[in-house]
Each structure stands twice: as C-alpha cells, then as structure tokens.
Amino acid sequence: MQQTALRFDPETYEVRTLERDGKTLVYRAFEHIPYVQYPVHPIQKLSVYVPETFYEDGGSVNGYTLHTAPIFFPNTVGGYMPGPEEAPGPDFMGRTNASFYALLHGYVVVSAGVRGRGCRDANSHNCGMAPADIVDLKAAVRWIRHNKDLLPGNAERIISNGTSAGGAMSSLLACTGNHPDYEPYLTALGAAKGRDDVFGASCYCPITNLDHADMAYEWEFHGIPDYHRMEFVQENGPKDHPNLLFGKPPKMRRVDAVMTDEMERCSDLLAPMFPTYFNSLGLHTEDGTALSMNPDGSGNFTDYILTHVLTAADKAMAEGKNIMEEPGVSDWLTVENGKAKAADWKKYVAFRTRMKPAPAFDDIRMGTAETELFGSADQRERHFTEFSMEHDTSGHPALADAEQIRLMNPMYYIKDARADKAPHVRIRHGAVDRDTSLAISEILYLSLRAAGVDADIAHPWGIPHAGDYDLPELFAWIDQIVKE
Ligand code: DHB
C-alpha cells in the first residue's frame, strides 16, 4: 500500500510531566516521526504532543477534546537556518516556548524539524537552500492530513506559527496552499499526497518578500547612515548557526558603525526603486482609499502605517504604560487628552534606528543569511536581485534561479487562484523592529485583505525583533477563528 511508511502510530508514546513558570503540564509525546518517505537530512522528522487530559474519560481543555482541538503548528526556523522540532520546554534563549503554553491551553502541537541553510546531504551537497524549508513544512502539513483519522486534533484547523524567517515560512504556508509549483519538490521527497493548505497563520515579523526587501529597507531608512545591531559571537557551534547550540543562550556582541560610501550609493539607488514596485501592487486601505507613492517615496502610505503605530500607542497607554516618558518618544509622537494624536514618520524611523547597511538582504558583498538561502547544491551563496548581481563586489557573482526566488515569496501567490490561501492570517511586527521594513508586513497584510483573507496586523508598542511575546492574545485569536 502506498505510503504506509507515513502512517502515524497512536500506540508509541511517552507520558511526561513538565513544570515551568509555576505551571504543571502533563502531555503525551509521540516523537521523531519521519514525515517524508525519502528524507535527505536527519532533521526531517516531526513530533506530536497532546494534553494528557484528552485521554481521560470525557477529558477536555477550554472546550477542546482529543478530536476537536486545533493543531498548533510552530516552526523554529530563525535566520533561515534549520529549524529543529520544538518540544514543550525552553526555547533556545531559555524561555518557556509556545508549545508548552499551547498544550496547557488545549491545543494539539505538531512540530516539524525542517532544513535550512547550512544543511548538507549524505554527499556533502547543500540541501537546505530555498525552497527546502517551506517544502518540508508543506510535507509535514500533508502528513497531518494523511493521518487525520489516527491523529489527535482537527486536521482542518491547522494554525502555523513562526517568527522572523519562521514568520516568513508561516506566511508562505498561508499564501501558497496546494500550489502545483511545489509539487516536484514534495514528490522527490516522497511526501504524502494531498492538501498542504492551513487554516490560520501567525506571522511574527516575517522576513519575507526578499527580492523587494532591499528597496523597501532603503525607502524607509535612506538618509540614516549609521547602523546598530547585535551579532552572534561564535562559541561552540558554527558561527552563524547559533540556534544549533540547543538550550544555550548565544553570546552577542554590539556593532555600531557607519555606512561606507559604497553602501550609501546603494541606498541612493535602491530607495527610488520602491515606489514603482509599491504602485504596481494597487493597494487600498480598509476604507477603499487608494495608496500611492510619489517617486521620492512620499505619499499616503506612511500615514497609513502610522495609524497602526498610533493604535499600538493607545493600547500601551490603556495598559497603563507611561509611553511619553520613554526615552525619545516625545520627539516623534504627540499625545492629546490621553490619546495618541499624531506621529512624524521620519522622526519615528530615526528613533528606531537603522539595523542593516545597504543592501540589507542581498548584500553586494554576499555574506548574509539570505544570500546563503539562495545558494544551490554546490554554490554556498548567490544573489537574488538583479541589482546586487549588477553591483556585485564579492568576486563570485551568481544569481539564484527565478523559480527558487518565486517559491520563497508569498506575494507572487496571493492573486494566484491555484494557491489556496489560509482564511485567517495574523501579522505582528514590533513598533521598534528594524530587521525588515515595516512596509514588508504592511503590503503583505493589505494584499491578503484584498484577496478576501481575514488578515490582521499590529505593530505592538516597544517590541523589537521578537515573537511569541503575546501568547494569551495569539491564543484568543486562534480560539475565535476556530470557534466561528
Ligand atoms: C532573521 C533575521 C534577519 O534580520 C534576517 O535577515 C533573516 C532572518 C531571523 O531572525 O530569523
């Protein structure tokens, strides 16, 4: 019988008890199950975790039972590196992870380990470059549906969750469901046949739309020459693969620098490219107002983004935060009668500061997470924009295949009728997160809404590049969409 190897065995598990943050979780663990027939890397396994209460007579948590519980589908992809399975417990920074709380809340958790940049196959060829990570996640979704009669949880209520590169993966799951473009890759791995669309996607600061992210970054940060960021310091593991040092918080180092003339020149050239792209999207606000950008980047889009920042400010004040006392905030935000009234875009951007020199993602010198993401089986890194290919200074210019670039960008699939969109998408991009332009999350959100998706966006106050910081709100959103 085809694909018997991919059947879930409900009899092989362990019951575990875990105490964290003063809470006790008892759960059933079905671990390290191969989800494709022909894996090319040992990371391609998934684990299923189920609240033990579901197995008691009439057992339910928050109204969910063994077969009605939504399936929370977190990925741990970060920096486009491999994302190992997530067991309930500490994350790589030592904080209690979302899976622990999801189980306590009454969800079934399915967590798949997926390939990422730096993975090599048995022949020492790269096997984690794009689109490996999204293909693996799709294969795991198919595995869930393939086993829906045996598996706890409701396979029609899969909610993916991810942060940063993992948020990008979650947005791809949301936008590319069942699209035939991915079929050859899934077939080659011996993935289960069937559907790979999801019901909901939670995307924290998705580092996505990579082939337009450089121009968006310069549209936002042009004119700011200095950049400031933390870098991982090598300890016991590969330098740029800190999440492989499982369970140990990585060491970080501060970098404060000023862009070189060459970087400034890239910024000057990239910034004016964004308005053409933006206008090509034909976006509208919720009330139907057309959004358009002048060649110099001005227009009503910045005001539109700021409405979300003002909402975040009001929420923070309602929660009792004295935000006007926070350093630098009164430089750009005006509050009247306890309500956020106005914000100055340029000053707000300056307040947040630039994190990356230009080009931010497809660096003309290579050496970014993204140039490695777009490598090939035997080339460690490649460009993925014409701009950086033309301006390459790495000495080994090469351009990724157009198909590889397309497969990694959810924006190309939103208007494609062959892609089944998740009906519900939640995007969060912290108000002081500078890892990518706020424009990237906003245009993803607006494009999804235009396609009829119930999309939701917020720029939570004071939040830098991070995810899973508002789990009670995330779970309230999941409860609401699954109970509708
Ligand atoms: C991530 C952060 C980045 O700044 C980036 O360019 C890619 C990925 C991350 O945290 O996953």
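## A tour from a buried strand to the ligand

Begin in this predicted model by selecting A201 and V425, which stand opposite each other, V425 being part of strand β12. Widen the selection to strand β7, residues 200-204, and you will find that five bridges join β7 to β12, with the two strands running parallel.

Keep V425 highlighted and look to the residue that it faces in another strand, for V425 also stands opposite A455 in β13. Strand β13 covers residues 454-458, and here again the link to β12 consists of five bridges between strands that run parallel. Now add helix α13, residues 438-450, to the view: together with β12 and β13, this helix makes a right-handed β-α-β unit.

Return to β12 by itself, residues 424-428, and show its side chains. Which residues point one way from β12, and which the other way? H424, R426 and R428 point one way, whereas V425 and I427 point the other way. In a regular strand the side chains alternate between the two faces of the sheet. Five of the five residues of β12 are buried, so the strand is largely enclosed by the rest of the structure.

Next, select helix α2, residues 132-146, and pick out K138 within it. Is K138 buried or exposed? Its relative accessibility is 0%, and because buried means under 20%, K138 counts as buried. To see what its side chain meets, display the backbone oxygen of T176, which lies 2.9 Å from a polar atom of the K138 side chain.

Finally, centre the view on the ligand and select the residues around it, which are G78, G79, S164, A165, I207, K356, F361, E370, D435 and H465. Sorted by class, this shell has three nonpolar, four polar and three charged residues.

Three distances are worth displaying here, and each of them starts from an oxygen atom of the ligand. For G79 the partner is a polar backbone atom, 2.5 Å from a ligand oxygen. For K356 the partner is an N or O atom in the side chain, and the distance from a ligand oxygen is 2.7 Å. For E370 a side-chain N or O atom is again the partner, this time 2.6 Å from an oxygen atom of the ligand. With these contacts on screen, switch on the ligand surface: on its own the ligand has 290 Å² of accessible area, of which the protein covers 83%.

Definitions and conventions:
Residues numbered from 1 in each chain as written. Predicted model: local features only at pLDDT ≥ 70, side-chain atom pairs only at ≥ 80, totals over all residues. Heavy atoms only, no water. Near = heavy atom within 4 Å. Polar contact = N/O pair within 3.5 Å; in protein donor to acceptor, adjacent residues only side chain to side chain. Areas by Shrake-Rupley, 256 points an atom, 1.4 Å probe, with all protein chains shown as cover. Nonpolar A, V, L, I, M, F, W, Y, C, P; charged D, E, K, R; others polar. Buried < 20%, exposed > 50% of the residue type's maximum accessible area, 1.4 Å probe, protein only. Helix = DSSP H or I, 4+ residues; strand = E, 2+ residues; numbered from the N terminus. Pairing = 2+ DSSP bridges. Right-handed = clockwise from strand over helix to strand, strands pointing away.
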